[in-house]
Amino acid sequence: ADRTVSVDLSKPFMEWTKRNFEINGLSLYGHEFRAMDSRAYLDWALGKGLRFDLVVCDPPSFSRSEKGVFRVETGLFELADRIASLLAPGGRA
């Protein structure tokens, strides 16, 4: 991929992700690393009109942030709907 966006609530995890890019010889150029609640990122991206060709989503079973509590058993369908609204024509999630 020429461009990716990695989103995770954990700042240390985002630093670990950057290190993994470097360890694997991947440039950080063109890649974004956002330490924030994924729901907040999705809201922001929707507001900016961003579109993605591919979205890989690996939500936790439970998390707590300024956006509230996320439980996969009750929040997964809403999360999937938000992701679907960000897909470019022909995009996949």
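Here is a short walk through this predicted model, from its largest pocket to its nonpolar core and its aromatic pairs.

Let's start with the open space. The largest pocket holds about 1,100 Å³, and 33 residues line it, with V5, S6, V7, V56 and C57 the closest to its centre. Several elements share in this lining: β1 (4-8), α1 (11-23), α2 (38-48), β3 (52-54) and α3 (72-84) each bring at least two residues. The largest share comes from β1, which gives 5 residues. Sorted by class, the lining counts 21 nonpolar, 5 polar and 7 charged residues.

Now for the packed side chains. In soluble globular proteins, nonpolar side chains tend to be buried together. Here the largest nonpolar core has 9 residues: Y41, L42, A45, F52, V55, F70, L79, I83 and L86. Helices α2 and α3 each supply at least two of them, and α2 gives the most, with 3 residues. V55 is worth a look too: beyond its neighbours within four places in sequence, V55 is in contact with I83, L87, R92 and A93.

Finally, the aromatic rings, which form 3 pairs in this model. In one of these, F21 and F33 meet edge-to-face, 5.2 Å centre to centre with 85° between the planes. F21 sits in helix α1 and F33 in strand β2 (residues 31-35), so this pair ties together parts that are 12 residues apart in sequence. F21 is buried at 14% relative accessible area, and F33 is buried at 18%. Another pair, Y41 and W44, is tilted, at 5.6 Å and 40°. Both residues belong to helix α2, 3 residues apart, about one turn of the helix. Y41 is buried at 4%, whereas W44 is partly exposed at 35%.

Terms used: Residues numbered from 1 in each chain as written. Predicted model: local features only at pLDDT ≥ 70, side-chain atom pairs only at ≥ 80, totals over all residues. Heavy atoms only, no water. 1 Å grid on protein atoms, 1.4 Å probe; cavity = no way out; pocket = protein on both sides within 12 Å on 5 of 7 lines; lining within 4 Å. Points joined across faces, edges and corners; volume = space filled by probe spheres on them. Helix = DSSP H or I, 4+ residues; strand = E, 2+ residues; numbered from the N terminus. Nonpolar A, V, L, I, M, F, W, Y, C, P; charged D, E, K, R; others polar. Core = buried A, V, L, I, M, F, W, Y, C linked by side-chain atoms within 4.5 Å. Buried < 20%, exposed > 50% of the residue type's maximum accessible area, 1.4 Å probe, protein only. Contact = heavy atoms within 4.5 Å. Phe/Tyr/Trp six-rings, centres within 6.5 Å; stacked < 30°, edge-to-face > 60°.
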